[in-house]
Amino acid sequence: MTRATYPILATLLATPAVAQDRPLTADMTELYRVGGLNAQEWAFFGPRLEMSFDGAGTLLVLDVVNHRVVVIGPDGQLVRVVGREGEGPGEFQMSLVIAVWRDGRFAVPDMGHSAIQVFNPDGELERFVRLADENIPLAATLGFRERIRADPLGEGIIAQGVGGVLARMANFANRRVGQPEDENPAGVDDRALEMLDLSGDVMTSSPILHGWRAPRPDVSLSSADAADWSRVVATTEDRHFEPGFHWDVLPDGTIAYSDSSAYAIKLARPDGSVINVLTRPLSPQAVSERVQEEVVASRLQLLEERLARGSSSAGALPPLDPEAGRRRIRDRGFYHEVPVVRGIAVTWDGGLWIQRRGEDPWDDDGPIDVFNADREYLGTLAVGQPTMPVAFGPDGLVVHMERDELNVPTLVVSQWVEAR
């Protein structure tokens with residue numbers, strides 16, 4: 001099957017995985033680096049970055065803290081800087097994610113504006129799409145997305161729903177008198193995807209698919225509970241090892257996702273209907289008392305390191321109440337098994353990289369299984385050879401992010417070739 005004849009995966013057959021990993025190497029040629037402590041002003045990035053390539057190999061980087069999009073050409077040189085902090089159109093207030101189409105257009109949701117700003121390939125503001133009626137309380141929480149992708153088949157955005165705490169707060173605030181509690185006016189939750197339609201002046205959304213969530217006690221929030229932040233967090237926080245929701249979008253609009261502890265990568269049509277599942281004979285590990293003790297000890301150690309540094313490696317602030325943070329780690333509870341899959345990424349031509357758990361049950365950076373565009377298992381990259389790219393581009397382009405001891409990021413763009 002060629003890339004030019006992509007059907008909606010009706011003919012895809014998952015190649016049965018072998019019990020033993022097939023070693024695979026990736027030949028990486030570094031092309032350029034930007035960033036770091038001694039970088040030029042335009043390349044001195046803040047601690048949180050979101051990025052994606054376009055079809056010309058241009059890298060678009062949303063610099064969250066500095067309120068801008070930095071556009072970097074295939075030669076590693078600055079093309080332009082789009083936006084700045086401000087309240088006007090084309091300026092950013094609180095933007096956390098970016099979606100990039102292959103033709104170079106891009107969209108940036110902004111909670112401060114309660115809008116999604118859409119830019120043309122030249123970086124000029126094309127449209128300003130409001131998220132919701134500005135009079136609806138907490139409407140801006142609709143802009144807080146954990147992950148978004150440009151719809152490869154249209155003008156919209158495929159978005160993961162609002163996270164647990166924000167979903168509960170927004171739903172409680174937005175619920176009208178007499179409205180059933182099971183209706184979700186703020187959209188899907190963080191284990192589901194929806195399509196954001198940007199064709200009008202106000203964004204509309206429609207659910208695509210809902211991932212499986214491990215059963216848990218249903219806790220209703222009263223108005224008093226909703227005012228207690230610790231109570232809200234306690235009712236929405238995942239247990240240790242609760243299966244994550246990992247996903248990405250293929251060039252033909254097919255969605256690949258994992259929502260359980262098993263090695264089961266579901267392939268869904270753009271309407272959310274599952275048409276195939278990729279599997280390998282890798283089973284989840286049962287969570288023993290010893291594993292529980294080791295996990296709590298590991299999480300507590302990480303917390304103490306964050307407290308000592310004053311921030312995490314991702315730029316997030318440590319808990320305001322350290323003792324409350326320690327208590328949350330101890331009291332979170334455990335899912336009964338350790339998930340195998342820890343991440344999913346789609347290559348430019350529609351292949352899949354599946355990140356597995358590491359040697360320790362809590363290690364998210366394990367080996368990476370590589371499937372080609374025909375869903376054939378090619379082999380497994382050893383830990384760190386290479387690590388999972390932040391983004392894939394055309395002609396084998398990938399970008400990784402390195403951080404120094406001061407948490408200053410450097411972007412490393414390379415070209416990779418699979419080698420058996």
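This passage describes the nonpolar cores, an open sheet and one helix of a predicted model. Local features need pLDDT of at least 70 and side-chain atom pairs count only at pLDDT 80 or more, while totals for chains, interfaces and linings use all residues. Residues are numbered from 1 along each chain as its sequence is written, and side-chain values use heavy atoms, with hydrogens and water left out.

The largest nonpolar core (buried Ala, Val, Leu, Ile, Met, Phe, Trp, Tyr and Cys residues joined through side-chain atoms within 4.5 Å; buried means under 20% relative accessible area with a 1.4 Å probe, protein chains only) holds 18 residues. Phe45, Leu59, Val61, Ile72 and Leu411 touch the most other members. Among the strands (DSSP E runs of at least two residues, numbered from the N terminus) that give two or more residues are β1, β25 and β26, but β2 gives the most, with 3. A separate core of 15 residues includes Ile116, Leu131, Ile148 and Leu196.

Turning to the sheet, four strands lie in the open, antiparallel order β2-β3-β4-β5. β2 and β5 (78–82) are at the edges with a single partner strand each, so one side of each lacks a neighbour in the sheet. β2 and β3 are joined by 5 bridges (pairing requires at least two by DSSP), and Phe53 has Leu59 as its bridge partner in β3.

Helix α4 (a DSSP H or I run of at least four residues) covers residues 289–309. Its buried residues, including Val291, Val295 and Leu303, pack against β18 (285–286) and α5 (322–331), where contact is heavy atoms within 4.5 Å.

Technical notes
Buried < 20%, exposed > 50% of the residue type's maximum accessible area, 1.4 Å probe, protein only. Expected span 1.5 Å × (residues − 1).
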